[in-house]
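User: I'd like a close look at one part of this protein, the hairpin and whatever packs around it. Could you walk me through it in one go?

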Amino acid sequence: KDDRPLLRGDVEAYCHRAIEEKCRVLRGVHLQGLGGTDTHVHLAIAVEPLVTISDIVQEIKGFSAFETNRRMQNKALEWQRGYGVVSFG
């Protein structure tokens with residue numbers, strides 16, 4: 001949030017793990033790649049036509065923040081509003 005460099009060390013590891021976990025259980029979502037910087041996440045996913053982008057972004061952001069904070073035992077991560085999407089195929 002606020003472009004703060006929070007995605008470092010354990011916070012980054014927990015966040016990425018939570019994103020991977022959530023993508024595995026989301027119907028119609030297939031994780032292709034995960035990376036980013038210490039201020040944001042890059043996520044490459046393949047989605048089936050039944051998937052609504054805004055819904056999966058909300059689920060992934062919410063779950064990853066919740067799980068990261070739970071594992072860190074404090075409010076280590078809070079996502080800022082909004083997201084960017086680039087479509088290719």
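Analyst: Here is the hairpin, with the rest of the chain brought in where it helps.

Keep in mind that this is a predicted model. To get our bearings, the protein has two helices and two strands, and along the sequence they come in the order α-β-β-α. The radius of gyration is 13 Å, close to the 12 Å that the globule rule gives for 89 residues, so the protein is as compact as a globular protein of that length. Along its principal axes, the C-alpha trace spans about 35 × 25 × 20 Å.

Now the hairpin itself. Strand β1 covers residues 29-36 and strand β2 covers residues 41-47, and the two pair in the antiparallel sense over seven bridges. Four residues make up the hairpin connection from β1 to β2. If you want to find the pairing by eye, start with Gly36, which stands opposite Val41 in β2. Then go to Gly35, whose bridge partner in β2 is His42.

From there, move on to Leu43, which also sits in strand β2. Leu43 is partly exposed, at 32% relative accessible area. That value falls between the 20% limit for buried and the 50% limit for exposed, which is why Leu43 gets the middle label. Leaving out residues up to four places away in sequence, Leu43 touches Ile19, Leu31, Gly33, Leu34 and Ile60. Leu31 belongs to the β1 range, residues 29-36, and so do Gly33 and Leu34. Ile19 falls within helix α1, residues 9-25, while Ile60 falls within helix α2, residues 53-72. Take Leu31 as an example of how the chain folds back here: Leu43 and Leu31 are twelve residues apart in sequence, but their C-alpha atoms are 7.7 Å apart in space.

Helix α1 also meets the hairpin through His16, which is found in that helix. His16 counts as buried, because its relative accessibility is 15% and the cut-off for buried is under 20%. Setting aside residues up to four places away in sequence, His16 touches Leu34, Gly35 and Val41. You've met these three already: Leu34 is one of the residues touched by Leu43, Gly35 is bridged to His42, and Val41 stands opposite Gly36.

Val41 leads us to another residue worth clicking on, Leu7. Leu7 is in the segment before α1 and counts as buried, at 5% relative accessibility. Apart from neighbours within four places in sequence, the contacts of Leu7 include Thr37, Asp38, Thr39, His40 and Val41. Thr37, Asp38, Thr39 and His40 are the stretch between the end of β1 at residue 36 and the start of β2 at residue 41, and that stretch is the four-residue hairpin connection. Leu7 is also in contact with Glu12, Cys15, Leu77 and Trp79. Glu12 and Cys15 lie in the range of helix α1, residues 9-25, whereas Leu77 and Trp79 come after helix α2, residues 53-72. For a sense of distance, Leu7 and Ala18 are eleven residues apart in sequence and 13 Å apart in space, C-alpha to C-alpha.

A couple of side features away from the hairpin are worth a glance. Lys22 lies over the face of Phe63, at 5.2 Å from the ring centre. By residue number, Lys22 falls in helix α1 and Phe63 in helix α2. As for rings paired with rings, the structure holds zero aromatic pairs.

Two backbone spots might also catch your eye. Most residues other than glycine have a negative phi. Asp3 has a positive phi of about 60° although it is not a glycine, and Gln73 likewise has a positive phi of about 60°. Asp3 is in the segment before α1 and is exposed, at 54% relative accessibility. Gln73 is in the segment after α2 and is exposed too, at 74%.

Stepping back to the whole chain, buried residues make up 26% of the 89 residues. Among contacts between residues at least 6 apart in sequence, 51% join residues at least 24 apart. The accessible surface comes to about 6,000 Å², and 49% of that belongs to carbon and sulfur atoms.

How values were computed
Residues are numbered from 1 along each chain as its sequence is written. This is a predicted model: local features need pLDDT of at least 70, side-chain atom pairs count only at pLDDT 80 or more; totals for chains, interfaces and linings use all residues. Side-chain values use heavy atoms; hydrogens and water are left out. Rings of Phe, Tyr and Trp (its six-membered ring) pair if their centres lie within 6.5 Å; planes under 30 degrees apart count as stacked, over 60 as edge-to-face and the rest as tilted. A charge sits over a ring if NZ of Lys or CZ of Arg is within 6 Å of the ring centre and within 35 degrees of the ring normal. Two strands pair if DSSP finds at least two bridges between them. The radius of gyration is taken over C-alpha atoms; the globule rule is 2.2 Å times the number of residues to the power 0.38. Buried means under 20% relative accessible area, exposed over 50%, partly exposed in between (1.4 Å probe, protein chains only). Contact means heavy atoms within 4.5 Å. Accessible areas come from the Shrake-Rupley method with a 1.4 Å probe; for residues, only the protein chains shown count as cover.
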